[in-house]
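Welcome! Take a moment to look over the sequence and the 3D view below, and then let us walk through them together.

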Amino acid sequence: MPVAGLEYRYPLINVQSWGTQTIEPIGQLIFRPNETFVGSFSQRGCAKPDLRRLQLFKVNKFSGWDREEGGGRANAGIQSTAQFNRGGNVNVLFGQSYQLYG
């Protein structure tokens, strides 16, 4: 299925005495045609979208090869990372996906 997309990230970096903090707003638009044969084919192992945090900004949120998401969506989120001078880091991501059409 053809797909077109646009992603924008703007990291803001702050260096402190304890380490580095990065706050990154993320915006994404995904455009593709509507699904025409929904429910016509068996879907083994990927009928439900994979909603782990790493999947939010992927082009296809379904985990298998026999199902693709149709229609358009907008994703918005913010990611924050703290890297400490003595080792280690903390990373959090908050986001939301909005179905535009399809």
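## The chain as a whole

A contact here means that heavy atoms lie within 4.5 Å. With that in mind, consider contacts between residues at least 6 apart in sequence: 58% of them join residues at least 24 apart. Please remember that this is a predicted model.

The chain has 102 residues, and 25% of them are buried. The chain exposes about 7200 Å², with 58% of that area supplied by carbon and sulfur atoms. As for secondary structure, there are five strands and zero helices, so reading from the N terminus gives β-β-β-β-β.

## Strand 1 and its partner

A good place to begin a closer look is strand 1, which covers residues 4-9. How many of its six residues are buried? The number is zero, so strand 1 lies largely in the open.

Strand 1 pairs with strand 3 (residues 19-31). The two run antiparallel and are joined by six bridges. One residue to pick out is Arg 9, whose bridge partner in strand 3 is Ile 26. Arg 9 also lies over the face of Phe 57, at 5.9 Å from the ring centre.

In general, the side chains of a regular strand alternate between the two faces of the sheet.

## Two aromatic pairs

Searching the whole structure turns up two aromatic pairs. One of them is formed by Tyr 8 and Tyr 10, which are stacked, with 6.5 Å from centre to centre and 10° between the planes. Are these residues buried or exposed? Tyr 8 is exposed, at a relative accessible area of 53%, whereas Tyr 10 is partly exposed, at 47%.

Trp 18 and Phe 84 form a pair too. Their ring centres are 5.7 Å apart and their planes meet at 45°, so this pair is tilted. Where do the two residues sit? Trp 18 belongs to the loop between strand 2 (12-15) and strand 3, while Phe 84 is in strand 4 (residues 72-84). The pair therefore ties together parts that are 66 residues apart in sequence. Both rings belong to partly exposed residues: Trp 18 has a relative accessible area of 36%, and Phe 84 has one of 38%.

Terms used: Residues numbered from 1 in each chain as written. Predicted model: local features only at pLDDT ≥ 70, side-chain atom pairs only at ≥ 80, totals over all residues. Heavy atoms only, no water. Buried < 20%, exposed > 50% of the residue type's maximum accessible area, 1.4 Å probe, protein only. Helix = DSSP H or I, 4+ residues; strand = E, 2+ residues; numbered from the N terminus. Pairing = 2+ DSSP bridges. Areas by Shrake-Rupley, 256 points an atom, 1.4 Å probe, with all protein chains shown as cover. Phe/Tyr/Trp six-rings, centres within 6.5 Å; stacked < 30°, edge-to-face > 60°. Lys NZ or Arg CZ within 6 Å of the ring centre and 35° of its normal.
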